[in-house]
Amino acid sequence: MRKKVIVGNWKMNHCRNEASEFVSGIKDEVKIAKSHNILIGIAPTYMSLDVVSKKKPAGLILSAQNVNEHASGAYTGEVSISMLSEVKGLTHIIIGHSERRQYYGETNERCNAKMLAMQEANLTPIYCVGETLEQFEANLTKKVIKEQVVTGLANLSAEFVSKMIIAYEPVWSIGTGKNASKEIAQDICCFIRKEISKLYGKRVANKVIIQYGGSVKPNNVKDYLTQPDIDGALVGGASLKASTFIELISNLY
Ligand code: PGA
């Protein structure tokens, strides 16, 4: 059985002291969740990674929100994989979040380059895919997602893909309070699993963790996580306060 994985994406929120307080606040819940076969993760900003790393309880997944695909060089403002590898306990990196695609022009090809570089370093992607409102309304969702999956995952090994997390996040539902229905989310997560199966076979497809993301809140998280192909959630707004995040997690028990 696949584990459930809930990751909080803090985006550009929380200074170091707030990050530190948050980790103290969720320590106990991480343990309780583990006993229910649910893994909890957080993705702080680069600036707070070391603070969280030092304070984090065993079992809390620590993820970065982005990385540069190059090993080193003249890329002002960027952070490399080897720099992130120095952070003790950091295992995951969010790749291709729609805000990075939208505001910083990240393409499927660039996401692929980042994940190829991560494969060398043994870091696990949380690879985000999802359609815009325009694409959704034009009935292009599956075409867009297929392209994101096929191009994004090109030349990655079956072993690497079987361990990764793919987050389906319809762009129109992020931070808007407009969720995709659980039926739509299940349909697309199932479609993603089928695409993985076509590329890598059933064994890998059955292992890969597929999350839903987009306005996941304490009152709707269970609707998503009880769907057969939804193994977790990538949570933005509702992951910012420890109390709300705990409420969201504990609503799954
Ligand atoms: P949201 O963000 O939960 O605030 O909609 C989700 C995300 O961007 O991962």
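**A tour from the cysteines to the ligand and strand β8**

Begin by selecting cysteine 111, whose sulfur is 8.6 Å from the closest cysteine sulfur, that of cysteine 128, which is too far for a bond. The model on the screen is a predicted one, and the distances read off along this tour are computed from it.

Keep cysteine 111 selected and add cysteine 128, whose sulfur finds its closest cysteine partner in cysteine 111, again at 8.6 Å and again too far for a bond. Because a disulfide requires the two sulfur atoms to be within 2.5 Å, this pair does not qualify at 8.6 Å, and the structure holds zero disulfides. Are these two cysteines buried or exposed? Cysteine 111 is buried, with a relative accessible area of 0%, and cysteine 128, at 2% relative accessibility, counts as buried too.

Next, select the ligand and display the residues around it, of which there are 13, the closest being Lys11, His97, Glu169, Gly175 and Ser215. Colouring this shell by residue class should give three nonpolar, eight polar and two charged residues.

Which atoms of the protein lie 2.7 Å from an oxygen atom of the ligand? Starting with lysine 11, look for a polar side-chain atom at 2.7 Å from a ligand oxygen. At glycine 175 the atom to pick is instead a polar backbone atom, which is 2.7 Å from an oxygen atom of the ligand, and at serine 215 a polar backbone atom is likewise placed 2.7 Å from a ligand oxygen. If a surface is now drawn around the ligand, bear in mind that the ligand taken alone exposes 290 Å², and that the protein buries 97% of that area.

For the last stop, select strand β8, residues 232–235, and view each of its two faces in turn. Gly232 and Leu234 are on one side, Ala233 and Val235 are on the other, and these four residues are all buried, so that both faces of the strand are covered. This arrangement can be read against a general pattern, namely that in a regular strand the side chains alternate between the two faces of the sheet.

With β8 still selected, add strand β1, residues 4–9, which runs parallel to β8 and is joined to it by four bridges; within this pairing, glycine 8 stands opposite valine 235 of β8. Then add strand β7, residues 209–213, which pairs with β8 in the parallel sense over three bridges, and find glycine 213, which stands opposite leucine 234 in β8.

Methods
Residues are numbered from 1 along each chain as its sequence is written. This is a predicted model: local features need pLDDT of at least 70, side-chain atom pairs count only at pLDDT 80 or more; totals for chains, interfaces and linings use all residues. Side-chain values use heavy atoms; hydrogens and water are left out. Buried means under 20% relative accessible area, exposed over 50%, partly exposed in between (1.4 Å probe, protein chains only). A residue is near a molecule or strand if one of its heavy atoms lies within 4 Å of it. A polar contact is a pair of N or O atoms within 3.5 Å; within protein, one must be able to donate a hydrogen and the other to accept it, and residues adjacent in sequence count only if both atoms are side-chain atoms. Accessible areas come from the Shrake-Rupley method with a 1.4 Å probe; for residues, only the protein chains shown count as cover. Ala, Val, Leu, Ile, Met, Phe, Trp, Tyr, Cys and Pro count as nonpolar, Asp, Glu, Lys and Arg as charged, and the others, Gly among them, as polar. Two strands pair if DSSP finds at least two bridges between them.
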